[in-house]
Amino acid sequence: MDRRQITLKDIARELKLSPSTVSRALRNHPAISKETKTLVQQTAKKYKYKPNTLALQLRTSQNKTIGVIVPEIIHYFFSTVLAGIQEEAEKGNYNLIICHSNENYEREVKSVETLLDAQVRGILASQSKATEEFSHFQDIVDNGTHLVFFDRICTGINTDKVVIDDYWGAFNAVDYLIKSGCRRVAFLGSNPHLPIANNRRMGYEDALRKHSIPVDKTLMQVSDTIELAREIVPSMLKIDPVPDAFFCINDEVAAHCLQMIKSAGFKIPEDISVCGFTNSDITEVTDPRLTSVDQHGFEMGRTAAKLLINRIEGKETRVGIVSKVIKTDLVVKNSTK
C-alpha cells in the first residue's frame with residue numbers, strides 16, 4: 001500500500017471491510033466490535049493515516065476553511081498580517097489555505113481559482129501591484145463566497161475591506177519632517193493605480209501645502225523596490241539644491257535610501273532626514289535607527305479575519321460595504337531631526 005496516499009478506502013480494501021465500517025471504527029462507534037476497532041486503528045497507525053479534514057467538513061456541511069491571498073510572504077508587514085489572521089482564525093477553529101501571488105497578476109487569478117475549487121467559506125485578499133483588471137475578484141462575490149480586502153483594495157468590487165489610514169500616516173510623517181526644519185522633502189512612492197499609493201501621495205502633498213511649501217514634481221518618484229531605489233536615489237542626490245529629507249513608501253526602500261545617502265557623504269539626520277513606512281524590524285538595525293510609520297499589521301490581520309468570520313457566521317449583518325480603518329503611529333527614532 002502507498003503510505004504517502006493512504007485513504008480510508010485503502011484501509012477498507014486491505015482489511016476487506018466496508019469504508020463505512022472503517023470510518024465508524026476510527027470514530028470509536030459503539031456499533032463496531034472492539035476487535036474490529038482495534039484492527040482498524042492499528043492498521044491506520046501502521047500506515048500513518050490522516051483523515052481529510054476538508055473533505056469531512058464538506059460532507060458534514062461544516063466547512064471551516066478560509067483562503068488568504070497575499071502579494072508577499074517574506075515582507076514584514078504581510079507576515080505580521082498573516083500572524084493576526086492566524087490568531088483570529090484559530091479562535092473560531094478555522095483552517096487557512098494561504099496563497100502567495102508574488103506580485104503577479106496571473107498567479108493571483110490562479111489563486112482565486114484554487115480557493116474557489118477548494119470551496120472555502122471566505123477569502124481574505126490583498127491585491128498584487130501588477131493587478132489592474134479585477135474580474136477574478138468579482139468571480140468570488142458572484143460565487144456567493146464572502147470576500148474581505150485588506151491593505152491593498154479594489155475600489156470597484158462591492159465588498160468589505162480593512163485598510164490602513166495611509167493618508168494620515170503620510171501626512172503626519174511629512175508634517176513632522178517639516179516641523180523639524182526640512183523644506184525639500186522627497187517622496188519615494190509606488191504605482192499610482194494602487195489606492196494606498198495615492199493616499200500616501202495625497203498625505204505628502206497636503207502636508208506640504210499646510211506649510212505653504214510648493215509641490216515639486218521633481219522630488220516625487222515611483223521607487224517602491226530596492227532595485228528602483230538604487231537607480232533613483234543617487235540621481236536625486238545630485239539635484240541642486242539637494243533634498244533635505246526622504247519620505248519612503250516602505251522601510252526596505254528607506255533603509256537602502258539611508259545607506260546610499262551616507263555613501264554619498266551626507267550625514268543623517270544633520271544633512272538629510274529619512275522616514276520609512278511600516279515600522280518593521282529593519283528600523284532597529286539601520287545606522288542610525290530608522291524613523292517610520294507603524295502600520296499595525298497584526299491588528300489589521302485580526303480585524304480582517306474577524307470581519308470575514310462574522311460574515312460567514314451571520315454575526316455581521318450590515319448591508320453594503322463595511323470598511324474598517326486601522327490608525328497609524330509615527331515612531332520617531334534617529335534618522336530624523
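At what angle do the axes of helix 1 and helix 3 cross? The answer is given below, as part of a description of a predicted model.

## Helix 1 and helix 3

Helix 1 spans residues 8-15 and helix 3 spans residues 34-46; their axes cross at roughly 125° and come within 10 Å. Angles over 115 degrees but not over 145 count as oblique, and helix 1 and helix 3 are therefore oblique to each other. Their crossing is right-handed.

On the side of helix 1, the contact is formed by Ile11, Glu14 and Leu15, while helix 3 contributes Leu39, Val40, Thr43 and Ala44. By character, the residues of this contact comprise 5 nonpolar, 1 polar and 1 charged.

## The open sheet

The model contains an open sheet of 6 strands, paired in parallel and arranged in the order 2-1-3-4-5-11. Strand 2 (95-100) and strand 11 (323-326) occupy the edges; each has a single partner strand, so one side of each lacks a neighbour in the sheet. On average, neighbouring strands of this sheet are turned by 15° against each other, direction ignored.

Strand 1 and strand 2 run parallel and are joined by 6 bridges, with Val68 opposite Ile98 in strand 2. Strand 5 (residues 160-164) pairs with strand 11, also in the parallel sense, over 4 bridges. In this pair, Ile164 stands opposite Ile326 of strand 11.

## Surroundings of the sheet

Strand 1 is largely enclosed by the rest of the structure, because 6 of its 6 residues are buried. Both of its faces are covered: Thr65, Gly67 and Ile69 are buried on one side, and Ile66, Val68 and Val70 are buried on the other.

Helix 5 (residues 76-91) lies across strand 1 (65-70), strand 2, strand 3 (122-125), strand 4 (146-150) and strand 5, and runs at about 160° to strand 2. Helix 7 (residues 135-142) also packs on the sheet, where it touches strand 3 and strand 4; its direction makes about 140° with that of strand 4.

## Ile73, between strand 1 and helix 5

Ile73 is located in the loop between strand 1 and helix 5. With a relative accessibility of 37%, Ile73 counts as partly exposed. Leaving aside residues up to four places away in sequence, Ile73 touches Ser79 and His100. Ile73 and Ile98 are 25 residues apart along the chain, and their C-alpha atoms are separated by 9.6 Å.

## Backbone features in the loops

Most residues other than glycine have a negative phi, and most peptide bonds are trans. The following residues depart from these patterns.

Two of the features are cis peptide bonds. One joins Asp240 and Pro241, with omega at about 0°; Pro241 lies in the loop between helix 10 (226-236) and strand 8 (245-248). Another runs from Ile268 to Pro269, with omega near 5°, and Pro269 belongs to the loop between helix 11 (251-263) and strand 9 (273-278).

Positive phi values occur at Lys16, near 55°, and at Asp151, near 60°. Lys16 is found in the loop between helix 1 and helix 2 (19-26), and Asp151 in the loop between strand 4 and strand 5. Their accessibilities place them in opposite classes: Lys16, at 76% relative accessibility, counts as exposed, whereas Asp151, at 4%, counts as buried.

Terms used
Residues are numbered from 1 along each chain as its sequence is written. This is a predicted model: local features need pLDDT of at least 70, side-chain atom pairs count only at pLDDT 80 or more; totals for chains, interfaces and linings use all residues. Side-chain values use heavy atoms; hydrogens and water are left out. Two strands pair if DSSP finds at least two bridges between them. Helices (H or I, at least four residues) and strands (E, at least two) are DSSP runs, numbered from the N terminus. Axes are lines fitted to C-alpha atoms, for helices over the stretch in contact, and angles run from 0 to 180 degrees between N-to-C directions. Contact means heavy atoms within 4.5 Å. Angles under 35 degrees count as roughly parallel, over 145 as roughly antiparallel, 65 to 115 as roughly perpendicular and the rest as oblique. A crossing is left-handed if the near helix is turned anticlockwise from the far one by less than a right angle, and right-handed if clockwise. Ala, Val, Leu, Ile, Met, Phe, Trp, Tyr, Cys and Pro count as nonpolar, Asp, Glu, Lys and Arg as charged, and the others, Gly among them, as polar. Buried means under 20% relative accessible area, exposed over 50%, partly exposed in between (1.4 Å probe, protein chains only).
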